[in-house]
Amino acid sequence: MEKIEHKIVAVNGINMHVAELGQGPIVLFIHGFPELWYSWRHQMVYLAERGYRAVAPDLRGYGDTTGAPLNEPSKFSIFHLVGDLVALLEAIDPNEDNVFVVAHDWGAIIAWHLCLFRPDKVKALANLSVHFSPRNPHMNLVEGFKALYGEDHYIPRFQVPGEIEAEFAPYGAKAVLKKFLTYRDPAPFYFPKGRGLDAIPDAPAALSSWLSEEELDYYASKFEKTGFSSAVNYYRALPLDWELTAPWTGAQVKVPTKFIVGEFDLVYHIPGAKEYIHLGGFKKDVPLLEEVVVVECAAHFVNQEKPDEINKHIYDFIQKF
């Protein structure tokens with residue numbers, strides 16, 4: 001960990017903080033919500049030791065990446081997020097035609113769209129937690145989740161600027177992050193108005209065994225500085241994303257792919273998800289899908305919870321190319 005190098009790279013109108021380790025073919029790691037480059041600490045060390053160049057940015061609005069306007073959700077569209085990464089790849093190695101991509105949660109959503117928009121940039125994709133979701137031409141994701149789970153589901157509740165931030169504020173960043181990162185229930189997140197974090201039951205242990213107090217403090221130190229608005233803006237841009245991605249309705253992801261999900265992951269338990277993943281729908285939309293792995297006894301933050309297993313899954317896949 002102490003050998004990881006940190007730098008700031010100017011990309012797409014923002015200043016992106018990037019953590020790097022190792023030499024060799026690039027593996028671009030894309031984190032999720034509410035996370036940082038740090039979520040990939042285990043994978044970076046493992047792959048760097050095996051001859052890869054691990055590159056993990058703090059995404060737009062996260063951690064030590066600066067320059068995105070916090071009060072403009074439209075500046076957090078999927079096109080901005082993919083554009084940041086395309087510019088980053090050009091900046092760090094203009095001679096590398098394409099790279100390996102490993103992504104989780106919101107990072108996985110960004111990675112699916114990177115493959116849709118710029119498949120020439122991706123050699124192979126290992127995506128964690130969030131399966132591909134073909135665009136519904138009749139309804140955006142926010143309306144879809146509202147129809148499925150009601151107004152109190154976290155995605156509809158994240159839509160009004162400032163509202164969820166105000167509910168999080170009395171608890172402090174560390175308590176908010178602890179609730180998210182230690183969540184192991186396959187049921188969805190609900191934030192009924194006025195109940196704040198109290199609506200989510202505490203994790204059974206004081207802290208999950210895979211997340212030390214020191215590691216949680218690292219996350220908290222960054223979110224205390226940035227707040228949560230930028231991270232939540234990704235959700236606020238979902239209706240705009242839906243409007244702008246109309247040309248990709250029905251498009252396939254044509255990149256060699258491995259998908260990994262924890263058996264208790266709340267995304268895996270969305271109604272219809274397991275059927276889509278295992279009964280042919282996923283393979284139809286991602287024709288180069290090579291393998292689906294369901295990790296036993298793991299929940300949403302699978303790359304941190306089961307690092308040894310995930311490291312091996314990623315390495316076994318990318319070394320084929």
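**Notebook: Arg157, a hairpin and a cavity**

I looked up Arg157 first and found it at 3% relative accessibility, so it counts as buried (under 20% relative accessible area, with exposed over 50% and partly exposed in between, for a 1.4 Å probe and protein chains only). I note that this is a predicted model, in which local features need pLDDT of at least 70 and side-chain atom pairs count only at pLDDT 80 or more, while totals for chains, interfaces and linings use all residues. Residues are numbered from 1 along each chain as its sequence is written, and side-chain values use heavy atoms, with hydrogens and water left out.

I placed Arg157 in helix 5, residues 154-157 (helices are DSSP runs of H or I with at least four residues, strands are E runs of at least two, numbered from the N terminus). Beyond four places away in sequence, I listed its contacts (heavy atoms within 4.5 Å), among them Glu151, Glu163, Phe191 and Lys193.

I then turned to strand 1 (residues 5-11) and strand 2 (residues 14-21), which pair in the antiparallel sense over seven bridges (pairing requires that DSSP finds at least two bridges between two strands). I saw His6 opposite Ala19 in strand 2. Two residues separate the strands of this hairpin, and Asn12 in the turn has a positive phi of about 50°.

Last, I checked what lines the largest cavity, and found residues including Asp105, Tyr154, His300 and Phe301 (on a 1 Å grid over the protein atoms alone, a cavity is a set of points where a 1.4 Å probe fits but cannot get out, and lining residues have an atom within 4 Å of a point).

Key. On a 1 Å grid over the protein atoms alone, a cavity is a set of points where a 1.4 Å probe fits but cannot get out, and a pocket is an open set with protein on both sides within 12 Å along at least five of seven lines; lining residues have an atom within 4 Å of a point.
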